[in-house]
Amino acid sequence: TIATVFITTMLINLLFATLIGMIGFWTVQSEWLFHFYWMITTFATGYFAPISFYPASVQNILSYLPFPLMMHVPMAAWLGRLSLPELIHWISVGLFWIVILFGLNALVWRRGVRRVDAVGM
C-alpha cells in the first residue's frame, strides 16, 4: 500500500504540473501561476512545517485536499506513522483527486487547443 501512496503522489504532481503548464495556451507569462501554486503547496504539503503542527481545523480541511499527498503522506507512510485505515483514507482521497485533476486537464486541453496562439518562429 505504500507503493500505491507513492504512485498516487506522482500522478497528482504530474496532473498539477500539466495543468499549470497548459496556462501557456492563454498567455506566455505563466510564472505568476507557478509561484502562486508554490506558495500554497509550501504550506499545505507540510514542506514549511509538519501538518501535525497546524491547528486541528486546518488539519481537518487538509485531510480532504490533495496537497498533503505531495509530501506529508508519503513521508509518514515511509516512516510507518500511518495506520492501515489512514492509508486507505489517503489512497481514496488521492484517487478522487486524480479523477478530478484528470478531468480538469482534459477540459483545459480541449479548450486550450482551440485557442492556441503561436509566438516566435
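**View 1. Isoleucine 12 and its contacts in the predicted model.** Set aside the neighbours within four places in sequence, and isoleucine 12 still touches Pro66, Leu69, Met70, Gly94, Trp97, Ile98 and Leu101. This is a predicted model, so keep that in mind for every view here.

**View 2. The largest nonpolar core.** Here we pull back to the core, which has 29 residues. Ile12, Phe16 and Leu82 are the ones that touch the most other members. Helices α1, α2, α4 (72-78) and α5 each give two or more residues to this core. The largest share comes from α5, with eight residues.

**View 3. Helix α1 against helix α2.** This one shows α1 (residues 2-21) and α2 (residues 31-44), whose axes come within 10 Å and cross at roughly 150 degrees. Angles over 145 degrees count as roughly antiparallel, and α1 and α2 are therefore roughly antiparallel to each other. On the α1 side, look for Asn13, Phe16 and Ile20; they meet Leu33, Phe34 and Tyr37 in α2. Sorted by type, the residues of this contact come out as five nonpolar, one polar and no charged.

**View 4. Asparagine 105 in helix α5.** Asparagine 105 sits in α5, the helix spanning residues 84-115. Its relative accessibility is 7%, and buried means under 20%, so asparagine 105 counts as buried. What does its side chain have for polar company? A polar atom of the asparagine 105 side chain lies 2.8 Å from the backbone oxygen of leucine 101. Not counting residues up to four places away in sequence, asparagine 105 also touches Leu15, Thr18, Leu19 and Met22.

Methods. Residues numbered from 1 in each chain as written. Predicted model: local features only at pLDDT ≥ 70, side-chain atom pairs only at ≥ 80, totals over all residues. Heavy atoms only, no water. Axes fitted to C-alpha atoms, helices over the stretch in contact; angles between N-to-C directions. Helix = DSSP H or I, 4+ residues; strand = E, 2+ residues; numbered from the N terminus. Parallel < 35°, antiparallel > 145°, perpendicular 65-115°, else oblique. Contact = heavy atoms within 4.5 Å. Nonpolar A, V, L, I, M, F, W, Y, C, P; charged D, E, K, R; others polar. Buried < 20%, exposed > 50% of the residue type's maximum accessible area, 1.4 Å probe, protein only. Polar contact = N/O pair within 3.5 Å; in protein donor to acceptor, adjacent residues only side chain to side chain. Core = buried A, V, L, I, M, F, W, Y, C linked by side-chain atoms within 4.5 Å.
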